[in-house]
Every structure is written in structure tokens, then in C-alpha cells.
Amino acid sequence: MFAFLWLMLLTYARLASATDSRDVTYPSPIQVRNIFLLAGQSNMSGRGGVINRTWDGVVPPESRPSTRKILRLSARQTWVEAHEPLHKDIDVNNTCGVGPGMAFANALIQKDSSIGVIGLVPCAVGGTKISEWGRGSNLYNQLVRRAGAALKGGGIITALLWYQGESDTVVYEDAKLYKMRLERLFRHLRDDLQLPALQVIQVALASGQGAYVDVVRKAQLGVGFALPNVQTVDAYGLAMEPDSLHLSASAQVQLGEMLADTFLQSLPLPIHVQSCACRTTTFHNFVFRFFT
């Protein structure tokens with residue numbers, strides 16, 4: 001009996017040591033009011049401060065945690081305290097660093113005291129093409145599933161923040177089809193989330209892996225004219241890490257603040273959770289049907 005208890009204690013200690021001590025799970029009384037989906041590839045996942053696949057661990061003041069005000073949905077689909085790297089348990093095959101999400105959320109809190117508790121839902125995965133995000137793909141299904149899980153405690157899905165496209169600059173055919181694929185993705189997400197007016201704030205590329213960055217950027221800058229309620233933040237010219245592909249930590253802070261300004265400027269009225277309760281219930285029913 002003693003040996004069994006000792007084994008259980010050892011197992012618990014190992015599990016505890018493997019868990020980030022800052023990942024504090026919050027109970028239901030701390031209700032998320034506004035939920036933001038973060039999706040795309042590495043620059044949304046965050047590579048700020050990552051050199052040679054090692055993160056320096058430096059978190060800018062603008063990206064530090066705001067206790068009980070900013071939560072993130074973990075890979076286990078529970079709300080935990082949000083801190084960098086936001087995507088550490090989502091983009092698991094890459095080294096994650098500073099991204100735009102925390103700076104975005106902190107800027108919202110600073111500029112709009114009525115915003116309430118913010119829930120960030122990391123879904124970005126480095127190195128992914130737009131074709132890998134098509135309806136029915138693993139990435140797409142994960143995004144929809146995590147959106148549904150985020151709603152279980154209440155609140156509304158307020159916007160999708162999207163930053164992707166570097167991988168589509170390598171092959172001309174991918175770059176040429178980018179606009180069509182991106183518009184289709186946004187339409188499908190709005191349909192499947194049953195949020196036809198879901199706000200989308202996308203980021204136009206600052207860099208790329210291939211020669212067709214201008215083709216993809218042109219596609220991104222044109223999407224807002226084809227679809228309603230799509231805004232574009234241009235990352236071109238922001239500071240890069242030495243790899244000339246990923247934004248630096250300071251640039252990620254700038255980008256997060258730009259995303260926050262764009263979001264706040266697009267609001268015609270203050271956010272009211274009550275006015276969206278009906279669509280939240282409808283989406284809960286949809287998620288149950290879609291994945292059962």
C-alpha cells in the first residue's frame with residue numbers, strides 16, 4: 001500500500017513539473033465576455049524573440065499578463081491565464097515566442113474599459129498554406145471545435161484575427177489562387193460558425209518564403225473590397241528577426257496595437273453581450289450537430 005501511494009505521489013510530481021505554473025485555470029465565475037480567434041501561420045503563432053529555434057524568454061511590457069482580464073483557451077479547452085507564448089500548446093512542432101495576441105488584448109483593455117474579460121483562442125500553426133485551412137481540413141475543424149469550446153462558458157465570438165500567407169509565396173499557382181481561397185475560407189467560417197457578420201481583421205504580409213510576396217499581398221489587400229466586414233492591417237515595413245521572415249518582438253507589439261486600433265475603430269456601438277445571446281445558442285446547437 002505504501003509503495004502504491006509513493007508511486008502516485010511521484011506521478012503527480014512529474015505531471016506538476018511538466019505544467020507551466022502560470023497556467024492557472026479559472027472557474028466559471030470569471031466569465032469571458034469577448035472572444036477573439038487567432039489563426040494563420042507562424043507570425044500569428046509568434047516568433048518574436050526566437051533565434052535558431054530558441055526563444056529568449058523576453059516579454060515586452062505591452063505583452064505581459066493582465067491577471068483575470070485576459071484568458072486563453074488551452075489545448076485542453078479550458079480557460080487559463082494568458083501569457084506568452086500564447087500558442088505554446090497549439091503550434092507544438094515549432095518554437096513559439098512573442099506574437100500579436102497579448103499586445104492586442106492589453107491595448108483593448110487600456111483603450112476601452114468596457115471591454116470586460118477577453119478570451120484569446122490560439123489556433124495558428126506555423127508553415128501552413130491557405131489550402132491546408134480549407135473546410136473539412138484538420139486545421140479548419142480544429143478552429144471550429146475550439147471556437148465552440150470557447151463559447152461553453154458564455155461570451156461571444158467578437159472577431160477573427162488572421163495572419164497567414166508566407167508559405168503561399170513560393171509557388172506561383174498558390175499565390176495566384178490565394179485571394180479566391182482566402183475569401184472562400186472567410187465565407188465558410190462565417191457559415192459554419194453561424195456568424196454571417198463575423199468581423200475579420202487580417203494582416204497583409206510583411207515577408208514571405210518565396211518570390212511571390214507581392215502577388216499574395218495584392219490578394220490580401222483586395223479581399224476587403226470583395227467581402228463585408230473584413231479589415232486589413234498592413235505589416236509591411238515592420239522590424240524583422242534576422243531570418244527576414246518573422247516579425248521581431250517589438251514589431252509584434254506594434255502589430256497587436258494596430259490590430260486593436262482597427263478593431264476599435266470599426267465598432268459603431270459599444271459591445272453588448274446580451275444582444276448576441278441568440279447567435280451564441282444557435283452556434284452551440286450547430287457545433288453539436290457538426291461533430292456528433
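Here, a residue is called buried when its relative accessible area is under 20%. That cut-off is worth keeping in mind as we walk through this predicted model. Take F186 as a starting case: its relative accessibility is 1%, so it counts as buried.

Now for the partner of F186. The ring of F186 pairs with the ring of W162, their centres 6.3 Å apart. The two planes stand at 90 degrees, so this pair is edge-to-face. W162 is buried as well, because its relative accessible area is 0%. The two residues come from distant parts of the chain: W162 belongs to strand 7 (residues 156–163), while F186 sits in helix 5 (residues 172–192), 24 residues apart.

What does W162 touch, leaving aside its neighbours within four places in sequence? Besides F186, the list includes A39, G40 and M44, then I130 and W133. It also takes in Y178, L182 and L185, and finally I201, Q202 and V203.

That fits with the next point, about the largest nonpolar core. This core has 70 residues, and W162 and F186 touch the most other members. As for the elements that build the core, helix 4 (residues 138–150) gives the most to it, with 7 residues.

Let's move on to the other aromatic rings. The structure holds 6 aromatic pairs in all. One of them joins F36 and F263, with 5.2 Å from centre to centre and 85 degrees between the planes, an edge-to-face arrangement. Here, too, distant parts of the chain are linked: F36 lies in strand 1 (residues 34–40) and F263 in helix 7 (residues 249–265), 227 residues apart.

Are F36 and F263 buried or exposed? F36 has 0% relative accessibility, so it counts as buried. F263 is also at 0%, and therefore buried. These two rings have company, since F104 joins F36 and F263 in one aromatic cluster.

Finally, how confident is the predictor? The protein chain averages a pLDDT of 87, and 81% of the residues score at least 70. Two stretches deserve a more careful look. Over residues 4–19 the pLDDT is below 50, and this stretch makes 0 contacts in the model beyond near neighbours in sequence. Residues 270–292 also have a pLDDT below 50, yet that stretch has 37 contacts beyond near neighbours in sequence.

Methods. Residues are numbered from 1 along each chain as its sequence is written. This is a predicted model: local features need pLDDT of at least 70, side-chain atom pairs count only at pLDDT 80 or more; totals for chains, interfaces and linings use all residues. Side-chain values use heavy atoms; hydrogens and water are left out. Rings of Phe, Tyr and Trp (its six-membered ring) pair if their centres lie within 6.5 Å; planes under 30 degrees apart count as stacked, over 60 as edge-to-face and the rest as tilted. Helices (H or I, at least four residues) and strands (E, at least two) are DSSP runs, numbered from the N terminus. Buried means under 20% relative accessible area, exposed over 50%, partly exposed in between (1.4 Å probe, protein chains only). pLDDT is the predictor's confidence in each residue, from 0 to 100. Contact means heavy atoms within 4.5 Å. A nonpolar core is a set of buried Ala, Val, Leu, Ile, Met, Phe, Trp, Tyr and Cys residues joined through side-chain atoms within 4.5 Å.
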